[in-house]
Structure formats: structure tokens, C-alpha cells
Amino acid sequence: MTGNHTAEGPKHKRDLTRRKVVVAGAGAAAAVGVGGTLAAGAFAGESGAKGGSATASAGASSSEVCYKLTTETTEGPYYIDADKLRKDVTEDEEGIPLTLRLKVIDSETCKPIRNAAVDIWHCNALGVYSGYEAMGSGGGGGGGTPPSGEPTGEPPSGAPSGEPGGGGGVHQEPTDDERYLRGTWKTDRNGTVEFRTVFPGWYQGRCVHIHTKVHVSGTWTDAGYEGGNTCHTGQFFFDEESVLASAEVEPYSTNTTTRTTLDEDTIYPDNGTEGGLLKLKYKKNDIAKGVVATITMGVDPEATHTGS
């Protein structure tokens, strides 16, 4: 699912991804991506969970911390190249409020990358992806028992078709016009972008996660984001403690789908923040109040990762 790839050929001959956005309401946007290894850590000055050691770089400021390239992961089958340009992707979805604070830096210089287009998309509390509601959720609803640390039972009949959550190029065509929990926004001069969403749920075959893409070298226009290249395609992951806590809260507690743990997941590379493991902050005995998740993505802005 992961690998180490470098952009082929001289820079001026590397493929550029054409990204044309047609605005509808709040707007629309999106792109492509997957490939090698790009690395991550927590925000500058923070230590990453489960490893993710950081070292100072000669090109970084005294307050900046440098990380390895963030790991590339599969795009998954549920990416849509028409996401809305917005920071709040919640719409009317129920769930634990989640503030997702992302930072994008050049992995070589450790300098922030401004005006990058960052996409995120994920399933709702019951494991359903917008645009793919006809594929089911893997059994959300019905007053089930919150999952324990070990998944049990047989896969429910409502599980999404195709390879759950990933499988490289197994892209599925959308089945509907819903676009909740999807969005694109640009990084500021500090390389940061913040999204408001809800804590994701789970579905058959995958641990709890959020998908992301980072696009650079394009142009922001009144119509959205055009041109450039997709330099990173990855996924963000949640530790087991937080997932088990969320499972006690409605509507997550009604999701009877067999759950895959972080350690059992076939996509998570098991290398902490370098592999997309989020740093989470929430009230331990009351996660329902909300969660703040942060991570730094170290990317190679000259690379192209197509997601295939």
C-alpha cells in the first residue's frame, strides 16, 4: 500500500495535474495523488506519538522543527474531484465536533508551504461516504453495542463494495450528489489550514481515518484552484483510546459494523506521525465536547503522486 517513489525526469518535464474547479454555491474543487514516502510529525515544537523523531534543519528557523517525509497512502475508492471550497465541511452531519489543524512544510527546507490546496474527505459517524450512500455503511443504526478493542462477528451485508477504504486504483463512481464531510481550502503564510468537521466513524475493513491530498504550484482564481501538481496523498489516523471513547457516544454507539483496529489496519504504516497518526486533544471523560487534532505534513513540492 505504500512505497518510495520519486518524480521521474527533469522538473520541467514532470507531469502536472490539471485541476479545474467549477464553483457551485460555496464552490467546488479537487484533484489526484499517491506514490512514495513523504513524512510528517506534529506541529512545530511538538513531539509525535509513536515515534516520528524530529531533527533541526539548517534551512529551518530556530522555532521550526524538521520531519521526515510523510508516508504516502492509497487514495481509496471514494475520492471525488469536485469537492467544495470551504473550511467547515460538517453540513448537517451528527457527531463529535472535530477541529482538524494541518500544517504543510517542505520536507527539505522545513519552510511552510503557503497557498497549497488541501483536500480532506471521510465517512460520517456511521461509516457512510457522501456521494456513495447507495453503497451502505457496513451496518450503521439499530442500537448496537459499542465495539471493544477487538473486532468480532461477520461482515454485515451493507458493507461498501470494492476493497474497503483503499485498494489503490479501485475508484468507484459516485452514486449521489451529496458532498458532506468533503472540502478543500488553502494554507496560509504559515503553511497551516484548519477544517471543522466531525470525528469519523468506521466501516468494514478499515480503522478510523481521514483522507487528504495536498496540491501545489497551481493558481487560485475566482473559479477555484487550477493546475499544479498533487504532491501528497495520505490518510490521518486516530489512536485506539480515542476511537473507543467515541464509540460510547451517539450516533457512533449505534454503529454495529465489525471494526478494524489501528494495529489490524492494512493501510496504516505503523510509524506514528510520519504515517499520519494525529495528535489529539480532548477532555478524557467527555470526548463528546469535541476533539482538536493536529499534524504536520512534510512534503516534496516537486513530486507528483497520482493516487493510482
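Student: Is Thr184 buried or exposed?
Tutor: This is a predicted model, and the label rests on a computed relative accessible area. Buried means under 20%. Thr184 has a relative accessible area of 0%, so Thr184 is buried.

Student: Which side chain makes a polar contact with the side chain of Thr184?
Tutor: Thr184 lies in strand β5. A polar contact needs a pair of N or O atoms within 3.5 Å. The side chain of Thr184 has such a contact at 2.5 Å, and the partner is the side chain of Asp119.

Student: What is the order of the strands in the open sheet of four strands?
Tutor: The pairing in this open sheet is antiparallel. Strands of a sheet pair through backbone hydrogen bonds, either parallel or antiparallel. Read across the open sheet, the order is β5-β4-β7-β10.

Student: Why is one side of β5 and of β10 left without a neighbour in the sheet?
Tutor: In the order β5-β4-β7-β10, these two strands are at the ends. β5 covers residues 182-186 and β10 covers 229-237. One side of each has no neighbour in the sheet because each stands at an edge, with a single partner strand.

Student: By how many degrees are neighbouring strands of this sheet turned against each other on average?
Tutor: The sheet in question is the open one with the order β5-β4-β7-β10. The angle is an average over its neighbouring strands, and direction is ignored. The value is 20 degrees.

Student: How many bridges join strand β7 to β10?
Tutor: β7 spans residues 209-216 and runs antiparallel to β10. Among the facing residues, Thr212 stands opposite Gly234 in β10. Val216 has Asn229 in β10 as its bridge partner. The number of bridges that join the two strands is eight.

Student: How many of the nine residues of β10 are buried?
Tutor: β10 stands at an edge of the sheet, with a single partner strand. Even at that place, β10 is mostly covered. The count of buried residues in β10 is nine of nine.

Student: What percentage of the residues of the chain count as buried?
Tutor: The chain has one helix and 12 strands, and 308 residues. Its exposed area is about 12900 Å², of which carbon and sulfur atoms supply 47%. The part of the residues that counts as buried is 55%.

Notes. Residues numbered from 1 in each chain as written. Predicted model: local features only at pLDDT ≥ 70, side-chain atom pairs only at ≥ 80, totals over all residues. Heavy atoms only, no water. Pairing = 2+ DSSP bridges. Axes fitted to C-alpha atoms, helices over the stretch in contact; angles between N-to-C directions. Buried < 20%, exposed > 50% of the residue type's maximum accessible area, 1.4 Å probe, protein only. Polar contact = N/O pair within 3.5 Å; in protein donor to acceptor, adjacent residues only side chain to side chain. Areas by Shrake-Rupley, 256 points an atom, 1.4 Å probe, with all protein chains shown as cover.
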